[in-house]
Amino acid sequence: MKNTVLTFKKAKEEGKKISMLTAYDYSTASLIDEAGINGILVGDSLGNVMLGYEDTVSVTMEDMIHHGAAVARGAKNAMVVIDMPFMSYQTSVYDAVVNAGRLMKEGRANAVKLEGGVEVKEQIKAIVDAGIPVMAHIGLTPQSINAFGGHRVQGKTEAAAKKLLEDAKAVEEAGAFSVVIEGVPAALAKIVTERSGIPTIGIGAGKDCDGQILVYQDMLGMYSDFTPKFVKKFANVGEVMKNAFKSYIEEVDAGTFPAKENCYTIDEDVIEKLY
Ligand code: KIV
């Protein structure tokens with residue numbers, strides 16, 4: 001059964017946890033989907049893990065549409081959420097609606113995600129009014145890394161904690177169907193979750209959020225440029241891949257690959273006529 005905004009709503013009402021992972025391509029999305037995930041986020045983290053940028057600032061609408069459409073083809077049951085890249089919605093309410101529409105029409109998203117709280121309230125409202133579900137994202141919002149001065153845990157002072165609560169309230173009032181909370185103390189995320197009428201999806205925000213999300217390369221040990229404290233490696237796929245690549249190189253060097261069973265055959269008669 002396809003997961004929708006209603007699945008998320010029902011999960012919060014029933015106290016059932018929501019699982020999400022990122023994906024950026026068809027094969028990975030298919031595997032994650034078959035594993036039974038609720039939602040797949042085509043995150044602008046693709047700038048880091050797929051394109052090798054230092055941050056998400058350079059990611060474009062074209063990047064998001066290209067990867068988003070591939071994921072949408074692989075996700076049969078998971079809800080597909082595509083990130084709105086930096087400067088595709090901050091510039092104006094008009095830009096926000098037009099670009100959200102492109103992610104739905106060209107990327108085949110089921111919902112879009114954008115970063116910010118009080119300051120993007122109007123954008124969220126306008127996108128929702130256009131019939132597009134919005135997942136908000138508050139706390140450590142990576143598109144604002146230059147304003148934060150680095151990847152810093154958010155909400156640690158009384159003022160910052162109150163601002164996070166205001167942001168959560170603002171995005172809910174604007175019509176977001178759920179909200180990602182990233183990089184905030186677990187006890188604060190718990191309060192946000194208790195006060196929120198929409199599901200909270202945590203990443204580096206403790207166990208009391210209504211759901212969790214991780215970048216799949218992080219949880220599989222495939223990306224080591226930067227590993228935040230909140231990442232748990234559920235497998236060391238990076239090591240498995242590297243060993244398989246090494247075996248392949250060794251067999252090619254030794255001439256043992258391809259073996260007979262990897263080759264196509266032809267009648268000897270045909271071959272003889274070629275000499
Ligand atoms: O871009 C991304 O992958 C995200 C998640 C980390 C929430 O925004």
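**Note on a predicted protein model**

1. Helix α11 is followed by Gly255, a residue with a positive phi near 75 degrees. Helices and strands here are DSSP runs (helices H or I, at least four residues; strands E, at least two), numbered from the N terminus.

2. The model is predicted: local features need pLDDT of at least 70 and side-chain atom pairs count only at pLDDT 80 or more, while totals for chains, interfaces and linings use all residues. Residues are numbered from 1 along each chain as its sequence is written, and side-chain values use heavy atoms, with hydrogens and water left out.

3. The protein chain has twelve helices and eight strands. Its C-alpha trace spans about 80 × 40 × 35 Å along the principal axes. Of its 275 residues, 48% count as buried (under 20% relative accessible area; exposed is over 50%, partly exposed in between; 1.4 Å probe, protein chains only). Contacts (heavy atoms within 4.5 Å) between residues at least 6 apart in sequence join residues at least 24 apart in 58% of cases.

4. How far apart are the end C-alpha atoms of α11? They are 26 Å apart, which agrees with the 26 Å that its 18 residues, 237-254, should span at 1.5 Å a residue (1.5 Å times one less than the number of residues). Helix α5, residues 93-105, has 13 residues and reaches 18 Å from its first C-alpha to its last, close to the expected 18 Å.

5. Which residues of α5 are buried? They are Ala96, Asn99, Ala100, Gly101, Leu103 and Met104. The buried residues of this helix pack against two helices, α4 (61-74) and α6 (121-129), and against two strands, β3 (79-83) and β4 (111-115).

6. The axes of α5 and α6 come within 9 Å and cross at roughly 45 degrees (lines fitted to C-alpha atoms over the stretch in contact; angles run from 0 to 180 degrees between N-to-C directions). The two helices are therefore oblique to each other (under 35 degrees is roughly parallel, over 145 roughly antiparallel, 65 to 115 roughly perpendicular, the rest oblique). From α5, Val93, Ala96, Val97 and Ala100 take part, and they meet Glu122, Gln123, Ala126 and Ile127 of α6. The residues of this contact divide into six nonpolar, one polar and one charged (Ala, Val, Leu, Ile, Met, Phe, Trp, Tyr, Cys and Pro are nonpolar; Asp, Glu, Lys and Arg charged; the others, Gly among them, polar).

7. A second helix pair is α8 (residues 158-174) with α9 (residues 186-195), packed at an angle of about 30 degrees with axes 10 Å apart. That makes α8 roughly parallel to α9. In this contact Ala161, Leu164, Leu165, Ala168 and Glu172 of α8 meet Leu188, Ile191, Val192 and Arg195 of α9. Here the division is seven nonpolar, no polar and two charged residues.

8. Where in the chain is the residue Pro258? Pro258 lies in the loop between α11 and α12 (268-272). The peptide bond that leads to Pro258 from Phe257 is cis, with omega near 0 degrees.

9. Two loop residues have a positive phi without being glycines. Met87, with a phi of about 75 degrees, is found in the loop between β3 and α5. At 43% relative accessibility, Met87 counts as partly exposed. Arg108, with a phi of about 60 degrees, is found in the loop between α5 and β4. Its relative accessible area is 58%, so Arg108 is exposed.
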